[in-house]
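The following paragraphs lead the reader through a structural model, beginning with one chain and moving on to an interface.

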Amino acid sequence: MIIQTIMFYVLAVVTVGAGVMVIASRNPVHSVLFLILAFFNSAGLFVMMGAEFLAMILIIVYVGAVAVLFLFVVMMLNINFAELRAGFLQYLPIGGVIGIILLAELVLVFASGAIDIEVPTTVASPTPPADEITNTQALGDVLYTHYAYLFQGAGFILLIAMVGAIVLTHRRRADVRRQRITDQVARDPKATVQVTDIEPGAEGTWKSD
Amino acid sequence: MQPFVEPDYLPALPELFLAGASVTLLMAGVFIGDRSTRLMTWLACVAMAAAFVMVLVLPDERTTTFFGLFVTDRFAAFMKCLVLVGAAVTLIVGLGYVKREGMNRFEFPVLIVFATLGMLLMISANDLIALYVGLELQSLSLYIVAAFRRDSLRSTEAGLKYFVLGAISSGLLLYGCSMVYGFTGVTGFEGIAEALATTVPGNVAAETGVLIGLVFIAAALAFKVSAVPFHMWTPDVYEGAPTPVTAFFAAAPKVAAMALLLRVFLGPFHELAGQWDQIIIFVSIASMGLGAFAAIGQKNIKRLMAYSSIGHVGYALVGLSAGTPEGIRGVLVYMLIYMVMTLGGFACILAMRQRGQMVEEISDLSGLSKTNPSLALALAIFMFSMAGIPPLAGFFGKLYVFLAAVDEGLYGLAIFGVLASVVGAYYYIRIVKVMYFDQPAEGFDRPVGVELSAVLAGTGIITLFFFAYPAPILAGAEAAAAALMP
Amino acid sequence: MLYYAAPIFLPLFGAVIAGLFGRVIGARGAQLVTCGAMGVAAVMAIVVFTEVVLQGETATIVLFDWFASGDLDVDWLLRFDELTGVMVFVVCVVSFLIHVYSIGYMAHDPHVPRFFAYLSLFTFFMLALVSADNFLQMFFGWEGVGLVSYLLIGFWYKRPSANAAAIKAFIVNRVGDFGFALGILAIFLMFDTVSFDAVFSGAPGMVDAEVTFLGHSFDFLEVACILLFVGAMGKSAQFLLHTWLPDAMEGPTPVSALIHAATMVTAGVFMVARLSPIFEYAPIALSVVTFFGATTAIFAATIAITQNDIKRVIAYSTCSQLGYMFFACGVSAYGAGIFHLTTHAFFKALLFLGAGAVIHAMSDEQDMRKMGGIWRMIPVTYVLMWIGNLALAGIFPFSGFFSKDIILESAFASHTGLGMYAFGLGILAAFLTAFYSWRLLFLTFHGKPRADERVMAHVHEAPPVMWVPLVGLAIGAVVIGYLMLPMVATDIDFWGTSILVLPIHNALEEAHHVDFWVKALPMAVGVLGIGGAFLFYVLKPELPGQLATRARPVYLFLLNKWYFDELYDILFVRSAKYLGRNLWRQGDGAVIDGIGPDGIAAATLSVARRAVRLQSGYVYHYAFAMLLGLAAIVTWYLIAGR
């Protein structure tokens, strides 16, 4: 039990610390790397809660795809972050004060909750017992039945994101010659290939189209 | 594991139909290409009309389906009708603009249908997760259409700003939802209401936690209806987005978000009415005040409409803060009238073209009464109505919410509202003054187009003659309010 | 029963078509549409009259719920009882004939569609007024006719005098309407409803109700009725609020005939008759009505004998005749009042349109001093004017005889002091009526021509489209009095429940049993008046001039209309201007502008500028504002809210 507690605090502290570093570090590549660190630690927290499926998804999707994509983009765009950050410090004091106030208030709320033993009893049991059914299967059981509505809704959101990405970035450039496979396949050799007898030595008998 | 029973799909028929229609339109558009935009627009309107009919013919009584995630009742039907009409009308008024201004892409109507679908889901949400899914479905489509003129710097800026700030608000919403879930243990609206009535009272920690969660949710919803202090995106986005998109923003999503706000506050969190009405009153006063004052200095009419819409949300929230069925009826009537006036107003703005170029400055309207008297008259009607001059529709909208507030003893709020509307009248009437008393500027291009004229005439007549026969609208709103607050 | 609504809405239809599509359908189209709609409406009105009045099939048609706000629940209903039936009949028939006449009269005007649209719109509002089933609907019609009257008086808006007259009519009417609105408010306060039926059935229970105002208590019904009567005074141009009517003659003559003679000005009389179930319980208010009616009758008649503008003479005559109608109502002889309203509508419209034909013939000359000797040139008009004047003067068997007789007899038979006052003044006014009518006739048609030769050469009879409607009105002026006699009969219950007369107010019944001299006197003084006019203007034409010089103050007093315009100018116009100027200079300029609006406006602008400055355009500012708001609300709940 004590090990679990220690693990929890280690993971949680690293997650928060990495989160702070994401916005605080000067080098954008470092920011992305800290983001990945935060994801890993969050995945660890998930594992501790018995949600191993979510933990793996977090690693695969966020670390494996999203964060790596970020990394590429950051490296390719070559944005001068120092310039963007110029205004940042200017607002840091007042922003920090507001942030700390909000944080303190939230801590207050949760701290009172932690002292009060009653609260957890109102929380429904989120997962079925692990010895009966695996985490993945449990999710699958409800995801495609009771939550099919939400699943479809989420599917629509992804579809819109895709449509949006295409609409906002896809351009048909006029100066690029495209390969039109259907045209190539449908082309009739008779219309394009012309077989001509050429008299040796004769001049200028090409018929051009 | 309990056996799975198929949910009843009938109550969600309009949504299912619209979802199918949107995907079909998308596929058709992909194959036909951009020359199908006009066709797609009309087909989208037809789909919305069909959904409208389905909403009307479905049974009125409260039904939940999809295992409690989805609910329909008279309130949902009323709001869905508003949203569908608003969306279809903006598509129609935007036809000319889309064609001329380089937005002639079939995705536009399809995205509007997606957004409308999201709004319908929002209105029918009966669960925090369903709420979030609907909201994101809508918002994502809106971010895209705001940036739809991707070659225009202002349009992309508007889309990006809206996206970033919208993401923050989504974060707030999710945070609030997670707190509510954490302290009540459920996400369904009925479950939350039950928990707030039974297990939470007396438990100080849970009370505080749920309340703070509610504050976060309220902040996110206030962002969506662009209420102060979560309004900052509105002027920039309204100004930068293509005009038909702005018209759409001002009409449909605002109504849908207001519907969601009403349902969340009066459904699951009804028990906390004594707590949340403080937020609503604060937000309402701030919105009315800012809407009145900040609009005065504006030169761009779309920006002015943005502040105007902020102010209108403030007035509508007066009805919610009363918290009575009369107040809710007032909000519903207000939203309906607001939508009609806004659509009319934006139809006028869409007619502001000089030599083929869209213009948006208020000074461009100078002497419009000489160059295009009927357009000037229509805009004057909408402006007077928005200012709340009797006997135009806008006056009755304000009347009903203020009366409800006064009935509940909220005199200060009502008086502030009246004062704010006096200040607000200044900038509305200034537009009338510019049109009627200033030296004529260059006139606008003619003709304004059949679609625009038809919408102008329709909205103008409703605004002008609302007083003659308001009974059916009032009855509809009353039934809707009763469904929400039995 | 739904077809009862047809005569009400057909004119609206015509007005909308002619008004909105006038440019498309042109003058001819507008005339066809409006006259066609009016024609059908007139036929339908006769049907309605037959069914409602003669066969007693009264009905109430529900159009739709209008609105409900708190206790105030108003439906849009059309009430068809005997009173409405008579009014619909009169309005539709007269209006139709005037529509037809206008085709000829307005032939050369460039704004024909607008004119016909107004005319039809007016008819609609008038019909809405008479078919109202509650006070608000009545007010709707009331204000509607006022508005269209304004538009029509100022129809020739390029004439400054027409604009001034239109504004004057509007403002004087506003004074009356204010009273009317207050009256409605009082009714609503006491009865909690504006529906006629509910108010009427509740009226007996309110007899002793009192209102306290400024420390005095007043009988509620009296106050409400007097307020309502103030509205009637404004619209019907009664003494003190009459000044707008003569000036309203600036409008085209058909307008004068329709609005300022036959229909709109009678709205006040109609209103008192309609509200008879309330007025019956307010004896003081009835006395007020009698007093003002009788005073107006004599007052306007004295002015009419000196006026020189042919239309003004008839206008004052209208004023005077309205006075008759009012004092008839004042002595509870509502039937007699409406009877006179009906006959008057026909013969007065006839006189106005006849005057229009004369003006038309005289190349738009309205001054009678520049006419004369034209009766051979326009015989049809001449005959028609004779018929109209005979009816006006109350000569047997023309219609005015029946109605005026019964009114005077009722006044006599009421056996009250005010009744005798009304009777005496009424007899005197009857003499003057005959006198000025024949003065008009003789000055216009007889004697030597006083117009110049060019005008005289041009005198011509009006086209058939103008005189044929006149013949219709003339037939009405001859026979309607006899036909409508049941209105005042005692043995037939003509009015059903639409008019309430308490048994103690039996003047109308008593009127049938007065002495013969009372019955004969009105006609006798009428003949006397004609004789007087004959003496003054045919036998000895120098007499009027001599009389005018000898009794110069009296003549000037009458010629200048008792100096009412001047008096009002000093009392209201100048003092208001003076007050206004001072308030503007001292009050507005110094105090309010300095501290109030200008100060507030300046403050508003500075707030506005600050509010705009918040909008910096930076996303992180916006996000920060959101978080700031959130933190503020959360803090509020954690500290203050708990």
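What percentage of the 209 residues in chain A do buried residues make up? In this predicted model, the buried residues of chain A amount to 21%. The secondary structure of this chain consists of ten helices and zero strands, and the pattern along its sequence accordingly reads α-α-α-α-α-α-α-α-α-α. Among the contacts in chain A with a separation of 6 or more, 51% join residues that lie 24 or more positions apart. The accessible surface of chain A is about 15,700 Å², and carbon and sulfur atoms hold 69% of that surface.

Attention now turns to chain C and chain B. Here, 29 residues of chain C are in contact with 41 residues of chain B. The two chains bury about 3,000 Å² between them, with 75% of this area coming from carbon and sulfur atoms. Three residues, C:Gln615, C:Met626 and C:Tyr637, supply 23% of the area that chain C buries against chain B, more than any other three residues.

Which elements of chain C give two or more residues to the side that touches chain B? They are strand S1 (59–69), helix H26 (597–614) and helix H27 (619–640) of chain C. Of these, H27(C) provides the largest share, 13 residues. By residue class, the side of chain C that touches chain B comprises 22 nonpolar, five polar and two charged residues.

As for specific interactions, zero salt bridges are found across the interface of chain C and chain B. Between these chains, four residue pairs are in polar contact, with both residues at pLDDT 80 or more.

How values were computed:
Residues are numbered from 1 along each chain as its sequence is written. Chains are lettered from A and ligands numbered from 1 in the order in which they are written. This is a predicted model: local features need pLDDT of at least 70, side-chain atom pairs count only at pLDDT 80 or more; totals for chains, interfaces and linings use all residues. Side-chain values use heavy atoms; hydrogens and water are left out. Contact means heavy atoms within 4.5 Å. Buried area is the accessible area (1.4 Å probe) that two parts lose on being put together, summed over both. A salt bridge is a side-chain nitrogen of Lys or Arg within 4 Å of a carboxyl oxygen of Asp or Glu. A polar contact is a pair of N or O atoms within 3.5 Å; within protein, one must be able to donate a hydrogen and the other to accept it, and residues adjacent in sequence count only if both atoms are side-chain atoms. Helices (H or I, at least four residues) and strands (E, at least two) are DSSP runs, numbered from the N terminus. Ala, Val, Leu, Ile, Met, Phe, Trp, Tyr, Cys and Pro count as nonpolar, Asp, Glu, Lys and Arg as charged, and the others, Gly among them, as polar. Buried means under 20% relative accessible area, exposed over 50%, partly exposed in between (1.4 Å probe, protein chains only). Accessible areas come from the Shrake-Rupley method with a 1.4 Å probe; for residues, only the protein chains shown count as cover.
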